[in-house]
Amino acid sequence: MSAFVRRLGFGGTLCLALIVTFALLALFAPWLSPYPDQGMGTPNVIAKLKPPAATFWLGTDHLGRDVLSRVIFGARVSMSAGLLIVAFSLLIGLPVGLLAGYFGGWVDEALMRITDVFLAFPALLLAVLLAAALGPGLLNSIVAVAVTWWPWYARMARAEVLVLRGQPYVEAASVMGVSQARIAIRHILPGAARPLLVQAALDVGPALLTASSLSFLGLGVLPPTADWGKMVDEGRKFFPDRWWVAAAPGVAIFLLALAFSVLGDALRNREGGKRRDTT
Amino acid sequence: MDLVRYTLRRVFLSAFVVVGVTFLVFVVAQVVPSDPAALYAGPRPTAEQIAKARVTLDLDAPLPQRFVSFATAMGTGDFGVSYKSRRLISQDLRVYLPATLELAIFSTFLALLLGIPAGVIAAARRGSWLDRIGSLGSILSVAMPTFFFAMLLQLVFSQWLGILPLAGRLSQQISISDPLPFLTGFNLIDAVTAARPAVFLDALAHLILPALTLAAYPAGIAMRLTRAAMIEILARRHIVAARALGLSAPRILFGHALPNAVGPALTVIGLSFAYALTGAVLVEIIFAWPGLGRYVSEAILSKDFPVIAAATLVVTLCYVMMNLVIDLTQTLVDPRVALT
């Protein structure tokens, strides 16, 4: 344990603990939140917009629902959005980068020009357009962000493959008559995937920020479901007089994104990789 | 020769990207939504209205033909009509685009103005409180949701301190009773040409908070890049020589070291501009800034796809152009770029 702490550093360990806490809250939300039914959306209009107190630790929202319970249930959405966006993007980007880097020539040229087109958009705008076209819903907003996200991984995977392709062990495999597909999948993919996974860990924070931005714009989860971005938007009408409605979910997004970012940095310092800029 | 070839290739690739972007916007805005005709026909349309809308929108034509007419329309500045307001989108853009560009340009300027000097000082006083606050700030700015940061700034500077306006582009007594003549759409410029200093200051005051929201993140990056470059330069011999000559510290930092260290920070211009254009969608709602971002976010609610498509396309084109200009300028300044 202490060796582990030393490797991640104090900040990294603290952030890992924070992420684990949020993950546990998300997983066991129905048992850990004080008012699970309100967390899932049942209104409680007799207790509208109550300030934080012993009964409602973080106060209540415009429908009288316990903000703490909503924040705990909201962790499910933000966690899964952050992780799924990155996972979907890897699922598209990695094969594309592998194909482009391994085969080169016109395949490479064609695939890279396609990534150019995607990268030409300010990312959030394309996601907004796509999420609007697909309609609201968590999965749709995740897909919308992933579509703007994968080209980064494709580019990165391609660059890794280009390096690995020239390695002696790959040439050796090729001389021994190993099939192309097998070389690509067994000999190159594992080496190329590793730095991408580190990058993916760094990207969970920006990914969940982007998802919460879509949700803030009304392009995320559907109404009764609790989501942090949406809660900030709802609380905006009561800000700053009844600050707790927007502040609690806002702080939650900030903390989780911060935790992923600092932990990612700690991982990167060990593994090597680059911070992605959130545009 | 290489420079000419590089320039041609960049221009050609940008043209390709423009076509690709148009195609993607076309697909997302016209092919993905389930029934544009029903949206066009308005609330609770009859079957005939929908059928009529299908003809008006030319939805039954083959896709390639639809794309060509879409691209031609976009290319000639005909963005169609808003589903909701039935106004010409090109007319709306004429008003909203300058507002957003003014915000984006000003925030980029602000990011450099804050980030570069902070980076210089952080490099000169490594480990000092300013250096630490700077690096802490740049870590925090990565994780801060734009929309929440905007609300916090409003809370502090407008509600508590009361030194900056809460929202809007101009005070109501100006915008309603004595509006600026619309010339460029950039309030700062229009105020200067109309020779109205009070309006200029008012517009400036309204710009600061939204621009600061959008500048925080790029300023952090500019600071990190400047700091790293400065630390490297400050160890060089010509700086040691300047010290030995007894030049003053500010003169060494800003006169001798910074010009060599400012290159990396300038790459932030493109990033900052893109970040501002994107963040505008979020920030403009909160600051009631009548620009493209708010136009888009209102269009989202009414599923006004022509508006979202036009705005996305225009903003992306601005962004592509900007990147092209930055790339080519960099090549002119430092021809080695073309070789890589």
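These are my notes from looking through a predicted model, chain A against chain B.

**Entry 1: the interface**

I started with where the two chains meet. Chain A puts 43 residues into the contact and chain B puts in 46. Together they bury about 4100 Å², and carbon and sulfur atoms account for 82% of that. I wanted to know which three residues supply the most of chain B's share. They turned out to be B:Phe147, B:Phe148 and B:Met151, with 14% of the area that chain B buries against chain A.

Next I checked for charge pairing. I got 0 salt bridges across the interface of chain B and chain A. Polar contacts came out at 0 residue pairs too, counting pairs with both residues at pLDDT 80 or more.

Then I listed which elements of chain B do the touching. Those giving two or more residues are helix 1 (2–31), helix 6 (129–143), helix 7 (146–160), helix 10 (197–234), helix 13 (268–286), helix 14 and helix 15 (305–333). Helix 1 of chain B gives the most, at 10 residues. Sorted by class, chain B's side of the contact holds 38 nonpolar, 6 polar and 2 charged residues.

**Entry 2: aromatic pairs**

I searched the whole structure for aromatic pairs and got 11 over all chains. I looked up A:Phe216 with B:Phe147, which is a stacked pair, with 4.4 Å centre to centre and 15° between the planes. A:Phe216 sits in helix 9 (residues 180–216) of chain A and B:Phe147 in helix 7 of chain B, so this pair joins two chains. Both A:Phe216 and B:Phe147 are buried. B:Phe147 had already turned up among the three residues supplying 14% of chain B's buried area against chain A.

I then went to a pair within chain B. The ring centres of B:Phe26 and B:Phe67 are 5.4 Å apart with the planes at 55°, so I logged the pair as tilted. What does this pair tie together? B:Phe26 is in helix 1 of chain B and B:Phe67 in helix 4 (residues 63–75) of chain B, so the pair links parts 41 residues apart in sequence. I checked burial here as well: B:Phe26 and B:Phe67 are both buried. The two belong to one aromatic cluster made up of B:Phe23, B:Phe26, B:Phe67 and B:Phe70.

**Entry 3: helix 14 of chain B**

Helix 14 was on my interface list, and I wanted its burial pattern. Of its 10 residues (292–301), 7 are buried, so the helix is largely enclosed by the rest of the structure. The buried ones are B:Leu292, B:Gly293, B:Tyr295, B:Val296, B:Ser297, B:Ala299 and B:Ile300. After the helix comes B:Lys303, and I noted that its phi is positive, near 50°.

**Entry 4: A:Asp61**

Last, an acidic side chain in a loop. A:Asp61 lies between helix 3 (36–39) and helix 4 (67–103) of chain A. Is it buried or exposed? A:Asp61 is buried, at a relative accessible area of 4%.

I asked what its side chain reaches. A polar atom of the A:Asp61 side chain is 3.0 Å from the backbone nitrogen of A:Leu63. The backbone nitrogen of A:Arg65 is reached by the A:Asp61 side chain as well, at 2.8 Å. Setting aside neighbours within four places in sequence, I found A:Asp61 in contact with A:Lys48, A:Leu49, A:Val67, A:Arg70 and A:Val245.

Technical notes
Residues numbered from 1 in each chain as written. Chains lettered and ligands numbered in written order. Predicted model: local features only at pLDDT ≥ 70, side-chain atom pairs only at ≥ 80, totals over all residues. Heavy atoms only, no water. Buried < 20%, exposed > 50% of the residue type's maximum accessible area, 1.4 Å probe, protein only. Helix = DSSP H or I, 4+ residues; strand = E, 2+ residues; numbered from the N terminus. Polar contact = N/O pair within 3.5 Å; in protein donor to acceptor, adjacent residues only side chain to side chain. Contact = heavy atoms within 4.5 Å. Buried area = accessible area lost by both parts, 1.4 Å probe. Salt bridge = Lys/Arg side-chain N within 4 Å of Asp/Glu carboxyl O. Nonpolar A, V, L, I, M, F, W, Y, C, P; charged D, E, K, R; others polar. Phe/Tyr/Trp six-rings, centres within 6.5 Å; stacked < 30°, edge-to-face > 60°.
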